[in-house]
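The following exercises introduce a protein structure through its strands, its sheets and one selected residue. Each task is followed by a solution in steps.

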Amino acid sequence: MKKFKLMLLFTLILTILSSTSSNAAAKYSKIYPDCKTKKGKYTISYTTKKGLNLYVEGNSKPVVSIPYSQEILDYVLNDEKIYYSYNKKIMQFDIITKKKISIKEFKNNPNICAVRDEYIYVTVYPFDENHEGAYETDFYKINMKNKETKLLAKNASSIVLAENNIFYRPTTTDVSGQPLYSIDYNGKNLKKISDDVIHYQVINKKLYFVTESIQDFIQTVYVSNVDGTDKKQLAGNIDGYVYNITPTDIYYSVIGNDTKNYKLNLSTKKIEIVKQINTNVYELNY
C-alpha cells in the first residue's frame, strides 16, 4: 500500500513539475501540462484546456499559442526557440521569426529531455511493442544542424545533464530504486554510480542521490563527486519519500491519510512542515 501511495505522489509531482536548468552553454526550461513558469522576459502557461501560451513582459496577448493535444508530450524553451514533440516529431518554433520546422520524426512519440548547444536530447520507446523490452526507452541526441541522430544508451530514463557527463536510470514504471549510471556526451565511459537510487540531482558540481531499502522502504540521502567518489551520507534515514534536495535542505513527504510535506535543514537538523511541494526538481547549477 505504501508503494502504491508513493507512486500516486510521484505521478502528481511529475504532473505539476516545473523546472529551470542551466549550463555553461545554454539555458532551457522544461514545461509540463497544467503549470505556469517564468523564464526571463517570458511567462509560459501550459494547460490541458488552453494549450501552450507564451507571453512577453508587458503584453497581455500570447506571442505563441499552440492548442493542447494528446500527441504533444512536452516542451523545452531554449533562448528564443520552443522545441516540442508533436505527432511523433520533434518540432522547432522560432519566437522571433515565427518559423516552424520539423527536426526529426520517430516511429513513436519522443520525449524531450533537454536542449544543449546544437543538440536535442530525447528518449523514445522502441517501435515494436511486442518485442522484449518494448517499454524500455532509448536515449538519443540529435544534431539540429545536420539532423544526425546518435543512440547514447538503451533502456535509459530520468535523464540529467551535468557539465561533462549524463546521468540516467533504467526505465521503470514505479518509484522503486534503480541503478544510477553515467556516460559522457558521446555515450562512452559507462559507469555505475550506485544501486537502488530513487531520486537524484546535480547541484554545484555535486551529485545528490537518494537510495531506498527494499525491506522497509527507508530512504537515505548522499552527496558525492559527480563520478561517485567521496560519498557522504547527508542525514539520518528518512521514513518518507524524498522529492527534492538543495545544498541546505532535504524535502520529503510522509504518505498517510493526511499526507504531509517536510523540510529537513542539513545544518541544524531541524525539521519543519511545508505547506506546498517544492517542485524545483532537476535544477542544475554549475
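**Exercise 1. In what order do the strands of the open sheet of four strands stand, and with what pairing?**

Solution. The model examined here is predicted.

Step 1. The order of the four strands is β22-β23-β24-β25, and their pairing is antiparallel.

Step 2. At the edges stand β22, residues 241-245, and β25, residues 271-274, each of which pairs on one side only.

Step 3. On average, neighbouring strands of this sheet are turned by 30° against each other, direction ignored.

Step 4. One pairing may be examined in detail: β22 and strand β23 (residues 249-254) run antiparallel and are joined by four bridges. Within this pairing, Val-242 has Tyr-252 of β23 as its bridge partner.

**Exercise 2. Describe the open sheet that seven strands form, and explain what sets its edge strands apart.**

Solution.

Step 1. The seven strands follow the order β15-β16-β17-β18-β19-β20-β21, with antiparallel pairing.

Step 2. The edges are occupied by β15 (157-161) and β21 (232-233). Each of these has a single partner strand, so one side of each lacks a neighbour in the sheet.

**Exercise 3. Follow the pairing from strand β17 to strand β20, and identify the turn residues with a positive phi.**

Solution.

Step 1. Strand β17, residues 178-184, is joined to strand β18, residues 191-203, by four bridges, and the two run antiparallel. Here Gln-178 stands opposite Val-197 in β18.

Step 2. β18 is in turn joined to β19 by six bridges, again in antiparallel fashion. His-199 has Val-210 in β19 as its bridge partner.

Step 3. The hairpin formed by β18 and β19 has two residues between the strands. Asn-204, in the turn, has a positive phi of about 50°.

Step 4. Seven bridges connect β19 with strand β20 (residues 219-225), also in the antiparallel sense. Thr-211 is placed opposite Thr-220 in β20.

Step 5. The hairpin of β19 and β20 has six residues between its strands, and Phe-217 in this hairpin takes a positive phi near 65°.

**Exercise 4. How many of the seven residues of strand β19 are buried?**

Solution. Strand β19 spans residues 206-212, and six of its seven residues are buried. The strand is accordingly described as mostly covered.

**Exercise 5. Is Phe-93 buried or exposed, and which residues does Phe-93 touch?**

Solution.

Step 1. Phe-93 lies in strand β9, which covers residues 89-94.

Step 2. The relative accessible area of Phe-93 is 13%. A residue counts as buried under 20%, so Phe-93 is buried.

Step 3. Leaving aside residues up to four places away in sequence, Phe-93 touches Val-64, Glu-80, Lys-81, Ile-82, Tyr-84, Lys-98, Lys-99 and Lys-100.

Step 4. Sequence and space may also be set side by side: Phe-93 and Leu-77 are 16 residues apart in sequence, while their C-alpha atoms are 9.6 Å apart.

**Exercise 6. Summarise the protein chain in terms of its elements, its buried residues, its contacts and its surface.**

Solution.

Step 1. The protein chain has one helix and 25 strands.

Step 2. Of the 286 residues in the protein chain, 49% are buried.

Step 3. Among contacts between residues at least 6 apart in sequence, 34% join residues at least 24 apart.

Step 4. The accessible surface of the protein chain comes to about 14400 Å², and carbon and sulfur atoms account for 48% of this surface.

Notes:
Residues numbered from 1 in each chain as written. Predicted model: local features only at pLDDT ≥ 70, side-chain atom pairs only at ≥ 80, totals over all residues. Heavy atoms only, no water. Pairing = 2+ DSSP bridges. Buried < 20%, exposed > 50% of the residue type's maximum accessible area, 1.4 Å probe, protein only. Axes fitted to C-alpha atoms, helices over the stretch in contact; angles between N-to-C directions. Contact = heavy atoms within 4.5 Å. Areas by Shrake-Rupley, 256 points an atom, 1.4 Å probe, with all protein chains shown as cover.
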